[in-house]
Amino acid sequence: MELIASQMCFGGLQNRYRHHSHTLDCDMTLAVFLPPQAQAGQACPVLYWLSGLTCNDENFTQKAGAQRLAAELGLIIVAPDTSPRGENVADDPEGAWDFGLGAGFYVNATQSPWSSHYHMHDYIVQELTDLIEANFNVTDKRGISGHSMGGHGALVCAFRNPGRYQSISAFAPITNPTQVPWGHKALSNYLGDDTRLWKEWDACELIASAKEKLPLLIDQGDQDSFLETQLQPQNLELAAQQANYPLTLRMQAGYDHSYYFIATFIDDHLRHHANVLCE
């Protein structure tokens, strides 16, 4: 890992690193907040944050305002990029913002040309975790959270990998990608036209067979312009009820899809994770 930026923040360090990913076959950047406890040599738990469409590793660290409470709680926060990057990495041929670079959708692509690089699920769940645990003094407890496309990623990573994470939450996640335009575009391109395979990457499908039931906190703004067309939290709520899965879905009056919304409720999510990770 090559350190490319470092700023002191609430007694800790907000660092940015570059490394070569063997899973994605390209160089990747990631942001890591190290709280004061980590600076003092204490082993700390890790919260992984997955960002949404068009974002990179810096959006969360610069806009969410999570460092103050993370420093108090002793949480390391790791925010990776949202897709592979580089001159040889395929992008949307029409230059659209909702697919390709910045929009890896946290799946393992099987279709050309995407399959050469777009294996974000394996990168997040395995390579990134191994990288962090090899380079930092961390405990064996991990949480995962995210926003929009990243909320979808957090849910899918947790549901598909029981035992990998001990806590989970999301902001305005794409809950049912097999049923919405963003999901149709991403899954058909990355995985092909067999819609049966899409279900393996859909939280509403996966929650029914989830092998562990981690209490799930979701915040959703009721003024989110993507609420009905792309996010559909009511579908996940129904699936959770049918599966007897412990979901707390909070509809927040007046809030939209922006980082102002995330910054307002991020402390609740950090405490939700710390209740498990820092006990």
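Which residues do ring pairs link into a cluster? I opened the notebook with this point, working on a predicted model.

**Entry 1: aromatic rings**

I searched the whole structure for aromatic pairs and recorded 15. I then examined Trp49 and Phe60: their ring centres are 4.3 Å apart and the planes stand at 25°, so I entered the pair as stacked, the limit being under 30 degrees. Trp49 belongs to strand E4 (residues 44-50) and Phe60 to helix H2 (residues 59-63), so this pair ties together parts that are eleven residues apart in sequence. I also looked up the accessibility of the two partners. Trp49 has 1% relative accessibility and therefore counts as buried. Phe60, at 2%, counts as buried. To answer my opening question, the cluster linked by ring pairs consists of Trp49, Phe60, Phe171, Tyr255, Phe261 and Phe265.

**Entry 2: helices H4 and H5**

I next took up helix H4 (residues 120-135) and helix H5 (residues 149-160), whose axes come within 11 Å and cross at roughly 65°. I noted the crossing of H4 past H5 as right-handed. On the H4 side, the contact is made by His121, Ile124 and Val125. On the H5 side, Val156, Cys157 and Arg160 take part. By class, I recorded four nonpolar residues, one polar and one charged in the contact of H4 with H5.

Over which ring does the charged end of Arg160 sit? I found it over the ring of Trp201, at 3.7 Å from the ring centre. Arg160 thus enters two of my notes, as a contact residue of H5 and as the charge over Trp201.

**Entry 3: Asp222**

I located Asp222 in the loop between strand E8 (216-221) and helix H9 (227-231). Is Asp222 buried or partly exposed? Its relative accessibility is 32%, so I list Asp222 as partly exposed. I then compared sequence and space: Asp222 and Gln252 are 30 residues apart in sequence, while their C-alpha atoms are 5.8 Å apart. Setting aside residues up to four places away in sequence, I found Asp222 touching Leu227, Met251, Gln252, Ala253, Gly254 and Tyr255. Tyr255 I had already entered as a member of the ring cluster.

**Entry 4: Ala43**

I placed Ala43 in the loop between helix H1 (36-39) and E4. Ala43 has a relative accessible area of 31%, so I count this residue as partly exposed. With neighbours within four places in sequence left aside, its contacts are Asn137, Val138 and Thr139. I also checked Asp140, which is 97 residues from Ala43 along the chain; the C-alpha atoms of the two are separated by 9.3 Å.

**Entry 5: backbone geometry**

Which peptide bond is cis, with omega near 0°? I recorded the bond from Ser112 to Pro113. Pro113 lies in the loop between strand E5 (76-80) and H4.

I then turned to positive phi values in residues other than glycine. For Ser148, phi is near 60°. Ser148 sits in the loop between strand E6 (138-146) and H5, and its relative accessible area is 3%, so I enter Ser148 as buried. For Ala172, phi is near 45°. Ala172 is found in the loop between strand E7 (167-171) and helix H6 (181-191). The relative accessible area of Ala172 is 0%, and I therefore enter Ala172 as buried.

Terms used
Residues are numbered from 1 along each chain as its sequence is written. This is a predicted model: local features need pLDDT of at least 70, side-chain atom pairs count only at pLDDT 80 or more; totals for chains, interfaces and linings use all residues. Side-chain values use heavy atoms; hydrogens and water are left out. Rings of Phe, Tyr and Trp (its six-membered ring) pair if their centres lie within 6.5 Å; planes under 30 degrees apart count as stacked, over 60 as edge-to-face and the rest as tilted. Helices (H or I, at least four residues) and strands (E, at least two) are DSSP runs, numbered from the N terminus. Buried means under 20% relative accessible area, exposed over 50%, partly exposed in between (1.4 Å probe, protein chains only). A charge sits over a ring if NZ of Lys or CZ of Arg is within 6 Å of the ring centre and within 35 degrees of the ring normal. Axes are lines fitted to C-alpha atoms, for helices over the stretch in contact, and angles run from 0 to 180 degrees between N-to-C directions. A crossing is left-handed if the near helix is turned anticlockwise from the far one by less than a right angle, and right-handed if clockwise. Contact means heavy atoms within 4.5 Å. Ala, Val, Leu, Ile, Met, Phe, Trp, Tyr, Cys and Pro count as nonpolar, Asp, Glu, Lys and Arg as charged, and the others, Gly among them, as polar.
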